[in-house]
Amino acid sequence: MKVKTILVSQPEPKMDNSPYSRLIEKEKVKVDFRPFIHVEGVNAKIVREQKIDLNDFTAIILTSRNAVDHFFRIAEEMRFKVPDSMKYFCQSEAVAYYLQKYVVYRKRKIYVGKRLFTDLTPMFKKYKDEKFLLPSSDSLKPIVPKALDDLKLDWKRGVFYRTVISDLSDLKEVYYDVLVFFSPSGIESLLKNFPDFEQNDTRIAVFGNSTVKAATEAGLRCDIKAPTPETPSMTMALQKYITSVNK
């Protein structure tokens, strides 16, 4: 069956010339964007209940832009003036660049990994005597606490925000040829919103092994998978599939 409509379970890209724009133009398909999950911050009271006092820490571990936003939001709610001496350990350049929204970059001690959390290991070893705070969501990849524990760092996790399932009830009567998912939470949202969902001719596109596992365990058929050596991005995987079925 040909593909004419695609629903991507993420916010629409902010850049004008995104890979999806090129896909739309080249394949003449309709692509809609709708976040199946969203992030909600917890309030300062809930953070305090986790026995977290921001004065206790000398370094912050930031794994995402959400972590950056919610750390500074909580600091403001607690009327905590972040000291100039605070060290920031950012998982990637994108996170470090985003940090500039809140701090004067050249005046701060910022340490940046390449992409993976474990890329920060040499820097953690160098500053192992710091007291680290990890602001995170309610779901955290197991590799993060394991890496910090293996290094025997003095660290504490704080749940500063939560991943929440979005209300998709307005999509009940809407049909798409392809649904695109990037996380197990997206699959969970689909099934929570539409417990009677039947896949039938709908193609499911999934990114990452954990998403494939969640979809398969939910009884869904994964028609399009990324990343692969041939199609490292989701748009490339979609392109390849559409080219084969829209002949």
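Two strands pair if DSSP finds at least two bridges between them. The legends below describe close-up views of a predicted model.

**View 1. Strands E1 and E10 run side by side in parallel.** Strand E1 covers residues 5-8 and strand E10 covers residues 178-181, and 3 bridges join them. Within this pair, Val8 stands opposite Val180 in E10. Strands of a sheet pair through backbone hydrogen bonds, either parallel or antiparallel.

**View 2. Five strands form an open sheet with parallel pairing.** The 5 strands follow the order E2-E1-E10-E11-E12. Strand E2 (30-33) and strand E12 (222-226) stand at the edges; each has a single partner strand, so one side of each lacks a neighbour in the sheet. From one strand to the next, the twist averages 20°.

**View 3. Helix H7 has buried residues on the same side.** Helix H7 comprises residues 184-193, and Gly186, Ile187, Ser189 and Leu190 are buried in it. These residues cover an arc of only 160° around the axis, which is why they lie on the same side of H7. The elements covering the buried residues of H7 include strand E3 (37-41), strand E9 (161-165), strand E10 and helix H8 (209-217).

**View 4. The largest nonpolar core contains 29 residues.** Leu54, Leu62, Tyr88, Leu99 and Phe160 have the most contacts inside this core. At least two of its residues are supplied by each of helix H2 (44-49), strand E4 (59-62), helix H3 (65-77), strand E5 (87-90) and helix H4 (93-99). Helix H3 provides the largest share, 6 residues.

**View 5. Leu99 is in contact with residues from elsewhere in the chain.** When neighbours within four places in sequence are left aside, Leu99 is in contact with Leu62, Val68, Phe72, Tyr88, Cys90 and Ile110. Apart from the core of Leu99 lies another core, of 18 residues. Among the residues of this other core are Phe33, Val178, Ile224 and Met234.

**View 6. Pro145 has its place in helix H6.** Helix H6 covers residues 143-150. Is Pro145 buried, partly exposed or exposed? Pro145 is partly exposed, because its relative accessible area is 22%, and buried means under 20% while exposed means over 50%. Leaving aside neighbours within four places in sequence, Pro145 is in contact with Leu140 and Trp155. Tyr111 is 34 residues apart from Pro145 along the chain, and the C-alpha atoms of the two are separated by 19 Å.

Note on methods. Residues are numbered from 1 along each chain as its sequence is written. This is a predicted model: local features need pLDDT of at least 70, side-chain atom pairs count only at pLDDT 80 or more; totals for chains, interfaces and linings use all residues. Side-chain values use heavy atoms; hydrogens and water are left out. Helices (H or I, at least four residues) and strands (E, at least two) are DSSP runs, numbered from the N terminus. Axes are lines fitted to C-alpha atoms, for helices over the stretch in contact, and angles run from 0 to 180 degrees between N-to-C directions. Buried means under 20% relative accessible area, exposed over 50%, partly exposed in between (1.4 Å probe, protein chains only). Contact means heavy atoms within 4.5 Å. The arc is that of the directions from the helix axis to the C-beta atoms. A nonpolar core is a set of buried Ala, Val, Leu, Ile, Met, Phe, Trp, Tyr and Cys residues joined through side-chain atoms within 4.5 Å.
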